Amino acid sequence: MKDIIVSLMLWAGAAFTLLGALGTLRMPDLYTRLQASTKAGTLGVTCIMVAAAIHFMELAVAVRALLVVAFLFLTAPVAAHIIARAAHYIRVPLWERNVIDELGDTRRKPLSPSSPPEPGVPGHGPGSTRG
Amino acid sequence: MSEFGATMLGWTLPAVMAILALATAMAVFRLVRGPTLPDHVVALDLIGTIVAGIVAIHAIRTAQPVYIYASLVLGLVLFLGTVAIGYYLERKVTR
């Protein structure tokens, strides 16, 4: 029974990971690729880690495996956010059929610091999020 | 029932390994293809995540739970690398 559960979790993890890799391969621009790789890849490895935790049936191993899961859940969104923001700053092009770009006003302005920020959009000038 | 489970796990492990290898190949294609620098970073991040899963499956296959530590360290190093590259890109632009 335990082996069957472990097998099913492994299949689920493999399926999610494969979908994430497929999305990374086939999606049209960086941001959608980031979406696929972060979410599906994290969920796939989570399923595999849970399978390992169930398989070994030890508290120490389960804690380690779930620590990997917790760490992935903490770091994957942060890493994806940082990469997406940096990519937006260096003007990685969006998909041509993209509908809305809420950070678009920071993209189209020149990057020289002498240009004043748009009135009405405080804190959205180039370099203002530098901190 | 337990024999069926053991047999199922016996052929599941190599099959899942093969699927993860295929996923790694797709990510490597994206890593080579690019076209921008963040694309390479995303592909490398995905490859590292998949390798963490492969290491966990290897731990199940060899019945050596020590390998789980490798997954943990891999996740840590990947996160640090991604954050470093992200800050490098932002500094390069906003300076």
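How many of the 95 residues of chain B, as a percentage, count as buried? The share is 44%, where buried means under 20% relative accessible area, exposed means over 50% and partly exposed lies in between, with a 1.4 Å probe and protein chains only.

Before selecting anything, note that this is a predicted model, in which local features need pLDDT of at least 70 and side-chain atom pairs count only at pLDDT 80 or more, while totals for chains, interfaces and linings use all residues. Residues are numbered from 1 along each chain as its sequence is written, chains are lettered from A and ligands numbered from 1 in the order in which they are written, and side-chain values use heavy atoms, with hydrogens and water left out.

**The two chains**

Select chain B and colour it by secondary structure: three helices and zero strands appear, in the order α-α-α from the N terminus on, where helices (H or I, at least four residues) and strands (E, at least two) are DSSP runs numbered from the N terminus. Among the contacts in chain B between residues at least 6 apart in sequence, 53% join residues at least 24 apart, a contact being heavy atoms within 4.5 Å.

Move next to chain A, which has four helices and zero strands and reads α-α-α-α from its N terminus. Of its 131 residues, 44% are buried, and 51% of its contacts with a separation of 6 or more link residues 24 or more positions apart.

**The interface as a whole**

Show both chains together: the contact takes 51 residues from chain A and 55 residues from chain B. About 4,600 Å² is buried between them, with carbon and sulfur atoms giving 83% of that area; buried area here is the accessible area (1.4 Å probe) that two parts lose on being put together, summed over both. On the chain A side, select A:Trp11, A:Leu25 and A:Arg64, which supply 13% of the area that chain A buries against chain B, more than any other three residues.

**Helix 2 against helix 2**

Now select helix 2 (residues 30-56) of chain A and helix 2 of chain B, whose axes lie 9 Å apart and which pack at an angle of about 10 degrees; axes are lines fitted to C-alpha atoms, for helices over the stretch in contact, and angles run from 0 to 180 degrees between N-to-C directions. The two helices are therefore roughly parallel to each other, given that angles under 35 degrees count as roughly parallel, over 145 as roughly antiparallel, 65 to 115 as roughly perpendicular and the rest as oblique. Residues that meet here include A:Leu34, A:Val45, A:Ile48 and A:Phe56 in helix 2 of chain A, and B:Val42, B:Leu46, B:Ile57 and B:Ile60 in helix 2 of chain B. By class, this contact has 16 nonpolar, five polar and two charged residues; Ala, Val, Leu, Ile, Met, Phe, Trp, Tyr, Cys and Pro count as nonpolar, Asp, Glu, Lys and Arg as charged, and the others, Gly among them, as polar.

**Helix 1 of chain A and its two partners**

Add helix 1 (residues 2-26) of chain A, whose axis comes within 11 Å of that of helix 2 (residues 37-62) of chain B and crosses it at roughly 160 degrees, which makes the pair roughly antiparallel. This crossing is left-handed, meaning that the near helix is turned anticlockwise from the far one by less than a right angle, whereas clockwise would be right-handed. On the chain A side the contact is made by A:Leu10, A:Thr17, A:Gly20, A:Ala21 and A:Thr24, and on the chain B side by B:Leu46, B:Ile50, B:Ile57 and B:Ile60; by class these are six nonpolar, three polar and no charged residues.

Within chain A, helix 1 packs on helix 2 at about 165 degrees, with axes 7 Å apart, so these two helices are roughly antiparallel. Their crossing is left-handed, and the residues in contact divide into 16 nonpolar, eight polar and three charged.

**A buried residue in helix 3**

Centre on A:Ile83, in helix 3 (residues 59-89) of chain A, which counts as buried because its relative accessibility is 2%. Leaving aside neighbours within four places in sequence, A:Ile83 is in contact with A:Leu34, B:Pro38, B:Val41, B:Val42, B:Thr82 and B:Gly86. A:Leu30, 53 residues away in sequence, lies 9.8 Å from A:Ile83, C-alpha to C-alpha.

**Two loop residues**

Most residues other than glycine have a negative phi. Select A:Met57, in the loop between helix 2 and helix 3 of chain A, where phi is positive at about 55 degrees; A:Met57 is exposed, with a relative accessible area of 58%. Finish at B:Ala63, in the loop between helix 2 and helix 3 (67-94) of chain B, which also has a positive phi of about 55 degrees and is partly exposed at 48%.
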